[in-house]
Each structure stands twice: as structure tokens, then as C-alpha cells.
Amino acid sequence: MGVTVTKSFDNLAGKISEGALEPTMQKLSKFLVSSAVKKINGDIPPANSGLTQAVKQGNKTLRDNSQLMASIAPQNGKTWAAANTNVKYAKINQEGGTIQGKAKGLWLPAGARTRTLSRQYNAQSAGELISAMRSAGYSFYRIKNVFMAKKKKGEPFPLFVIKKSVTIPSRPFLYISKEDEEYITSEIQKAIHNALETK
């Protein structure tokens, strides 16, 4: 489920002393994390759908609660640097793809009000939210693929949109760009020069 970007320099291992590149690998792994965060902050296209913008109350892609950015972590060895994330939705956002619903379909928040109610009732799923709202006096009904909610004397409102599947576009955020490659190459050249100077 996770996503990783790695840059390896194993071919240099025999040319310089053991572990000489490791401090540079640590630096480069942190750089790969900052590069991924910068890419996300740059709003990776395509734009969010209208429904997603309504739910998130904003149009920033790959950003909702900052969980994805916070999850990207550096990793490195003696001759390689990497950044990775293991959040469950990272791979589908990186590569794109279609999520198929189970028998009852995919229950997607119909708007920002659903998100507010989920937080209010500390609900982690559609079922938990409906149960909590039912206990609070809400009633429910369905119009085609829209699950509606209504409180006594209140106006009905859409709570969930039910779909058979959802296609997520590819929004790659963990990759090495041309600019990244230039910086990495420069840092490796410096590290090799220093290692050979002190050999």
C-alpha cells in the first residue's frame, strides 16, 4: 500500500571507504522528504472534483488533514537514500486507479456538513455516523444514490452519495524530478571528492 522513492549509489561502494557516504545519504533522504512536501504544497494536478472541494471546503489536492505530508519519512543506508509513506491511500493517489465498492457500495460524504457531523460524533465510518445520528434523533431515507438525513423540524440534507466505484487520478508526489537529480548529483560529487581526499 505504501509508496517509496529511492536513490542508490551501490556502484560507488567499492571505491570509497566503508560508510563514507552515509552522512550524505542521511542528508539526501531528508531532502527527498522536503521535495515531496514541496510538490504536494504546489497543488499537484488534476484539480479535485467539485464534490471533493465541497467536502474539504477547499481545492488543494492531496491535502485534507495533513496526514499524508506528515507521514512521509526519510530512510537511508550506507549507499542509498529514500523517502516513503505507508498511509493506506498513498499508493492510489501516487499511481491512480479505481476503487470498487463492496455490496453496499462506496459511501462518500455529500458535503462539508457530513465531515462536520463525523467530527462532532467522532465517527470513523458511515455506519458509525448514521448510528450516532440516529441516537441523536435523526431519521434517514434514500433518493436513488443519495442518502438523506433529517432531524425533527429540520430541513433534510444529503449525507452520503453512494457509488459503485470511484476513479482516482494519478497525482505523483514521490519521485525524483530533474531539479532533484541535479541537487542529488551535486551532493554526491561533493561527498565522493571529500571521501577520496581523506582516503
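**Exercise 1. Work out whether Glu-187 counts as buried or exposed in this predicted model, then find its salt-bridge partners.**

*Solution.* Start with the accessibility. Glu-187 has a relative accessibility of 9%. The cut-off for buried is under 20%, so Glu-187 counts as buried.

Next, look for a partner. The Glu-187 side chain meets that of Lys-190 in a salt bridge, at 3.3 Å from N to O. Both residues sit in helix 7, three residues apart, or about one turn of the helix. Now check Lys-190: at 47% relative accessibility, Lys-190 counts as partly exposed.

Finally, widen the view. Lys-27 joins in as well, and Lys-27, Glu-187 and Lys-190 are linked in a network of salt bridges.

**Exercise 2. The structure holds six salt bridges. Take the one between Asp-180 and Lys-39 and work out which parts of the chain the pair ties together.**

*Solution.* First, the contact: the two side chains come to 2.7 Å, N to O. Then place each end. Asp-180 belongs to helix 7 (residues 178-197) and Lys-39 to helix 1 (residues 22-41), so the salt bridge ties together parts that are 141 residues apart in sequence. As for accessibility, Asp-180 and Lys-39 are both buried.

**Exercise 3. Do the same for Arg-115 and Asp-64: how far apart are the closest N and O atoms, and where does each residue lie?**

*Solution.* The closest N and O atoms of this salt bridge are 3.0 Å apart. Arg-115 is in helix 5, while Asp-64 is in the loop between helix 2 (50-56) and helix 3 (67-71). That makes it a link between distant parts of the chain, 51 residues apart. Asp-64 is partly exposed, with a relative accessible area of 43%.

**Exercise 4. Sketch the four-stranded sheet, say which strands stand at its edges, and place helices 5 and 6 on it.**

*Solution.* Begin with the order: the open sheet runs 5-8-7-6, with antiparallel pairing. Strand 5 (106-109) and strand 6 (138-143) each have a single partner strand, so they stand at the edges and one side of each has no neighbour in the sheet. From one strand to the next, the twist averages 30 degrees.

Now zoom in on one pair. Strand 7 (residues 146-151) and strand 8 (residues 157-163) pair over four bridges. Phe-147 has Phe-160, in strand 8, as its bridge partner.

Last, add the helices. Helix 5 (residues 112-120) lies across strands 5, 6 and 8, at about 100 degrees to strand 8. Helix 6 (residues 126-135) lies across strands 5, 6, 7 and 8, and runs at about 155 degrees to strand 8.

Terms used
Residues numbered from 1 in each chain as written. Predicted model: local features only at pLDDT ≥ 70, side-chain atom pairs only at ≥ 80, totals over all residues. Heavy atoms only, no water. Pairing = 2+ DSSP bridges. Helix = DSSP H or I, 4+ residues; strand = E, 2+ residues; numbered from the N terminus. Axes fitted to C-alpha atoms, helices over the stretch in contact; angles between N-to-C directions. Contact = heavy atoms within 4.5 Å. Salt bridge = Lys/Arg side-chain N within 4 Å of Asp/Glu carboxyl O. Buried < 20%, exposed > 50% of the residue type's maximum accessible area, 1.4 Å probe, protein only.
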